[in-house]
Amino acid sequence: MDQRFPPSHRLHHGRDYSRVFNRQHKAAGRHVVVLLRAREERALDARLGIMVAVKTVSTAVRRHQLKRWVREFFRTRLHEVVRGYDVVVLFRADPPPEGHQLLSDEISALANKALATKPQGQSRSRDGGRRPAPARQPTGAP
RNA sequence: GUUCGCCGCCAGACGGCCGCGUCCGGCGCAAGCCGGCCGAGGAAAGUCCGGGCUCCACAGGGCACAGUGGCUGGUAACUCCAGCCGUCUCCAGUGGCAAGGGGAUAGGGACAGUACAACAGAAAGCGAACCGCCUGCGCCGGGCAACCGGCGUCGGUAAGGGUGAAAAGGUGGGGUAAGAGCCCACCGCUCCGGCCGUGAGGCAGGAGGCAUUGCAAACCCCACUGGGAGCAAGCCCAGACCGCGACGAGGUGCUGCCCGCACCGUCCGAGCCGCGAGUAGGGUGCAUGAGUGCCAGUGUCAACGCUGGCUCCGAGAGAAAUGGCCGUCCUCGACAGGACCCGGCUUAUCGGCGGCCUUUGCAC
RNA sequence: UGGAGGUUAGUGCAGUCAGCAGCAUACGGGUCUGUGAAUCCCGCGACGUGGGUGCAAUUCCCAUACCUCCAA
């Protein structure tokens with residue numbers, strides 16, 4: 001199985017994040033919130049974005065470490081599970097210092113939970129209602 | 001003796017698998033793939049100072065404002081560093097000083113002016129008499145008298161008591177009715193000239209009997225320094241849209257004000273406000289520099305230079321790269337992640353290594 | 001990257017040219033009432049930390065920690 005993590009597997013622009021926030025499958029856990037949004041084609045690779053606020057984690061070293069943990073889990077396992085989706089992992093609290101495995105389990109559970117929910121729209125932007133909602137239903141997800 | 005004198009260095013190691021970023025080479029129409037090199041710190045941090053570099057008139061004058069404040073040196077520069085001076089303090093030492101050692105030190109000016117000094121105390125800043133001490137005078141009492149005691153009063157007096165953080169030079173002696181720099185010695189202070197030192201200052205001498213209280217990290221005065229913005233600075237390439245309405249004679253370049261200068265504009269209208277619309281792509285700046293280490297010579301107490309030779313110099317992203325798992329070992333691994341770049345300061349930090357001490361420090 | 005401000009009682013705030021630490025509310029006790037609230041009286045409790053200046057520091061200065069806000 002391909003476990004690489006090229007630039008095409010990442011979210012690069014603020015617009016990409018905004019798209020995920022506008023219409024997403026959401027599941028919140030103890031430490032993170034997982035947001036999913038279907039891409040145009042099912043066959044497209046999943047893309048990952050990670051958000052860690054300075055307020056939730058104060059030191060830069062810890063923020064980098066958390067991002068690396070999430071990336072590692074996405075690269076090895078989560079990538080195949082959420083194929084065809086854009087994923088944003090938003091931290092809401094700092095996990096325990098040695099909580100790498102714990103965090104991976106939490107994200108895995110939240111991703112599956114989010115796939116099972118209906119997409120929620122946030123039509124606060126001016127083009128929110130213009131788009132005819134091309135997102136497919138999550139019932140088709142594996 | 002749990003961060004124990006001074007100086008310097010390191011920041012778990014090795015192996016395997018998977019993975020990330022720039023660059024180079026190869027392949028591919030392209031997306032990308034394969035291989036290779038390299039890939040965070042001593043603080044990268046806080047942003048407390050100082051520069052470099054850019055653009056704004058190559059940067060102007062004055063006020064305001066801000067900063068600095070012993071001297072000399074170092075440095076590109078500094079609120080940095082070194083040495084020295086003064087002051088305070090501790091140790092040691094002495095009969096007492098002095099010589100010696102450690103530590104702290106934002107340390108110009110208080111006859112330019114203003115403000116403040118609570119409480120206590122008689123008096124606290126155009127200097128003071130509460131208790132005392134003393135001469136004289138009056139009254140009373142005692143005594144033959146000299147005189148003694150008490151009370152009152154006009155004065156003298158800063159030695160003693162008491163208050164205070166601070167009471168007007170200090171100590172000792174002389175002197176006096178009692179006292180007092182009133183006089184004398186030493187110390188201190190002020191002034192004068194002399195010598196030494198680049199200087200801050202130091203040394204001894206002479207003169208003056210000596211009301212200059214403290215506070216300027218209160219305002220202030222003096223001297224010196226400071227133009228503004230910041231790599232999202234700035235430069236280049238490519239590309240899109242450049243419409244409507246209101247106000248409008250000034251606007252912008254420096255922040256508060258004045259002057260000066262430059263540019264744009266004064267109804268064919270700069271600018272600004274409210275909408276609408278569009279773009280937010282690439283390159284450069286972007287890393288070889290006030291560089292690093294060693295050796296030799298040389299200047300210096302030192303900080304730090306100078307000359308010559310050799311050596312090492314390899315992060316440069318653009319939502320943003322150093323990680324995960326497994327194994328072995330040990331002393332079980334701290335604080336912590338570049339974003340234009342340097343020099344300092346400050347703060348965080350499990351530990352380990354080396355050097356220097358005939359000066360054994362720093363604290364108890 | 002550049003700049004501004006704040007930290008005082010459990011909570012929200014006063015306290016400018018230094019000598020007292022205050023107000024409201026909350027809390028505890030009492031008063032009142034058949035009970036509770038309101039009222040009235042009493043009480044409890046604080047200057048972020050470390051240095052410096054000064055006789056004396058919440059106040060002035062320096063450093064530090066944390067928080068908030070602004071501009072691009």
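A: A polar contact is a pair of N or O atoms within 3.5 Å; within protein, one atom must be able to donate a hydrogen and the other to accept it, and residues adjacent in sequence count only if both atoms are side-chain atoms. In this structure, a backbone N or O atom of Val61 lies 3.2 Å from a phosphate oxygen of RNA strand B.

Q: What should be kept in mind about the model and its numbering?

A: This is a predicted model, in which local features need pLDDT of at least 70 and side-chain atom pairs count only at pLDDT 80 or more, while totals for chains, interfaces and linings use all residues. Residues are numbered from 1 along each chain as its sequence is written, chains are lettered from A and ligands numbered from 1 in the order in which they are written, and side-chain values use heavy atoms, with hydrogens and water left out.

Q: Which side chains have an N or O atom paired with an oxygen of RNA strand B?

A: Arg4 is one of them, with a side-chain N or O atom 3.3 Å from a phosphate oxygen of RNA strand B. In the side chain of His100, an N or O atom is 3.2 Å from a sugar or linking oxygen of the strand.

Q: Which residues around RNA strand B come nearest?

A: A residue is near a strand if one of its heavy atoms lies within 4 Å of it. Here 19 residues surround RNA strand B, and Gln3, Arg10, His64, Arg68 and Arg75 come nearest. On the RNA side, 86% of the strand B atoms within 4 Å of the protein belong to sugar or phosphate, the rest to bases.

Q: Which element gives the largest share of that surface?

A: Helices (H or I, at least four residues) and strands (E, at least two) are DSSP runs, numbered from the N terminus. Helix α2 (residues 60–81) supplies the largest share of the surface near RNA strand B, 8 residues. Chain A has 3 helices and 5 strands, in the order α-β-β-β-α-β-α-β from the N terminus on.

Q: Which residues have the most contacts inside the largest nonpolar core?

A: A nonpolar core is a set of buried Ala, Val, Leu, Ile, Met, Phe, Trp, Tyr and Cys residues joined through side-chain atoms within 4.5 Å; buried means under 20% relative accessible area (1.4 Å probe, protein chains only). The largest core has 28 residues, and Val82, Phe91 and Ile107 have the most contacts inside it. At least two residues each come from β2 (32–38), β3 (47–51), α2, β4 (85–91) and α3 (100–115). Another core, of 6 residues, lies apart from it and includes Tyr17, Val20, Val33 and Leu35.

Q: What does Phe91 touch, not counting residues up to four places away in sequence?

A: Contact means heavy atoms within 4.5 Å. With those neighbours in sequence left out, Phe91 touches residues including Ile50, Met51, Leu66, Val70 and Leu103.

Notes. Buried < 20%, exposed > 50% of the residue type's maximum accessible area, 1.4 Å probe, protein only.
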